[in-house]
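Hi,

Here is the structure I promised to pass on. Have a look at it first, and my notes on what turned up follow below.

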Amino acid sequence: MRHSIFLVALVLLSATSISAQEKAPSPWTKAGFVGLKFTQSSFTNWAAGGENALALDAQFTYQADYKNEKHLWQNRVELNYGFNQTGDAPLKKTTDKIYLNSNYGFQIEKSLYLSAFLTYQSQFSNGYQYGSDNERTFVSRFMAPGYVSAGLGITWTPAPIVSAVFTPVTWKGTFVLDDALARQGAFGVEEGKNVLNEMGANLKVELNYDVMKNVNLYSRLNLFSDYMRGKEARNIDVSWDVQINMTINKWLSASVSTNLVYDNDIKFAYDKKDADGNIIGHGKCAKVQFKEVLAIGLQYNF
């Protein structure tokens, strides 16, 4: 009898131990979504007028963070591609993004980590600027430009929704792997060269916050200053992405995304005019770039 009681107790203890192990929290925090936004309009004998239109936007976003003891590893993937077509005009790209980031940190104080990061950015397909009569000029493609950044510094995580990475030693490479664009000195590379190397300091601040039920706000601000530019180091490169994702149900959502960019190496042509408004020459200068996309459609969160 005593042996039977001991055996039952041993089985119960083993089952409890296994159950506790199964319920142990995972060091991984993962979240993501895949979405497809689609709009279409068609007109036949429509007295009020109108033009057939088609627009499609596909997006994939995934975040995987690992935190265990003194180790912190943050990873994020953003893939986005969209186009539209109006009337008889050719397809025009509206959104095109590849963004990959990985950041590893080793804890030295509470919420403070020695860290290193690697970031890659580019696009999927050719980009064009369109003029009158839909004339187009080739201006970009995959890895033209492409950006690779790597740095050493510290990561600060004062709250689960906020992360700041400051790397005083950061290399930033701008790749223009298209000879025609390289000969033009596009995206800041020297004419005829394919890579622009910069060494400086980088600050990235991320916010991932549930504003209310089914409404998530993600913001990423990235600032870079090149030590090698002397006085031009004051011309800080700025990239600020904001995504607001509103989930209607498991399959339907609405989203608003904005992207603000300022890069002193990217120049835009302009006309020089006199006091009377007459064109007296041409020049190039950096400008603030801004993009906004509003979309409603299918989305699956996981």
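How many salt bridges does the structure hold? There are ten of them. Before you read too much into any one, keep in mind that this is a predicted model.

First, the overall picture. The secondary structure comes to two helices and 16 strands. The radius of gyration is 25 Å, whereas a compact globule of 302 residues would come out near 19 Å. Along the principal axes, the C-alpha trace spans about 105 × 65 × 35 Å. Buried residues make up 32% of the 302. The accessible surface is about 18800 Å², and carbon and sulfur atoms account for 61% of that. As for contacts with a separation of 6 or more, 53% of them are between residues 24 or more positions apart.

Now back to the salt bridges. Side chains of opposite charge can pair when their charged atoms come close. One case is Asp-241 with Arg-220, whose side chains meet at 3.4 Å, N to O. Asp-241 sits in strand S12 (residues 237-247) and Arg-220 in strand S11 (residues 215-226), so this pair ties together parts that are 21 residues apart in sequence. Both Asp-241 and Arg-220 are buried. They also belong to one network, in which salt bridges with shared partners join Arg-76, Glu-78, Lys-97, Arg-220 and Asp-241.

Two other pairs are worth a click. Asp-96 and Lys-93 form a salt bridge at 2.9 Å, N to O. Asp-96 counts as buried because its relative accessibility is 14%, while Lys-93, at 28%, counts as partly exposed. Then there is Lys-204 with Glu-206, where the closest N and O atoms are 3.9 Å apart. With a cut-off of 4 Å for a salt bridge, that pair still qualifies. Lys-204 is buried at 6% relative accessibility, and Glu-206 is buried too, with a relative accessible area of 12%.

Asp-57 is the one I would like you to look at. This residue lies in strand S2 (residues 53-68). Asp-57 is buried yet has no salt bridge. Which side chain of opposite charge is nearest to Asp-57? That would be Lys-37, 5.8 Å away. A salt bridge needs the nitrogen and the carboxyl oxygen within 4 Å, so Lys-37 does not make the cut. What Asp-57 does have is a polar contact of 3.3 Å between its side chain and that of Asn-80. Leaving out residues up to four places away in sequence, Asp-57 touches Gly-35, Leu-36, Lys-37, Asn-80, Tyr-81, Gly-82 and Thr-95.

Last, an uncharged residue: Thr-167, in strand S9 (residues 162-175). Buried or exposed? Thr-167 counts as buried, because its relative accessibility is 1%. Its side chain makes a polar contact of 2.6 Å with the side chain of Thr-170. Further along the sequence, Thr-167 touches residues including Gly-200, Ala-201 and Asn-202, and its other contacts include Phe-117, Gly-151, Leu-152 and Gly-153. The C-alpha atoms of Thr-167 and Phe-224 are separated by 9.6 Å, with the two positions 57 residues apart along the chain.

Cheers

How values were computed:
Residues numbered from 1 in each chain as written. Predicted model: local features only at pLDDT ≥ 70, side-chain atom pairs only at ≥ 80, totals over all residues. Heavy atoms only, no water. Helix = DSSP H or I, 4+ residues; strand = E, 2+ residues; numbered from the N terminus. Buried < 20%, exposed > 50% of the residue type's maximum accessible area, 1.4 Å probe, protein only. Lys, Arg positive; Asp, Glu negative; His and termini not counted. Polar contact = N/O pair within 3.5 Å; in protein donor to acceptor, adjacent residues only side chain to side chain. Contact = heavy atoms within 4.5 Å. Rg over C-alpha atoms; globule rule 2.2 N^0.38 Å. Areas by Shrake-Rupley, 256 points an atom, 1.4 Å probe, with all protein chains shown as cover.
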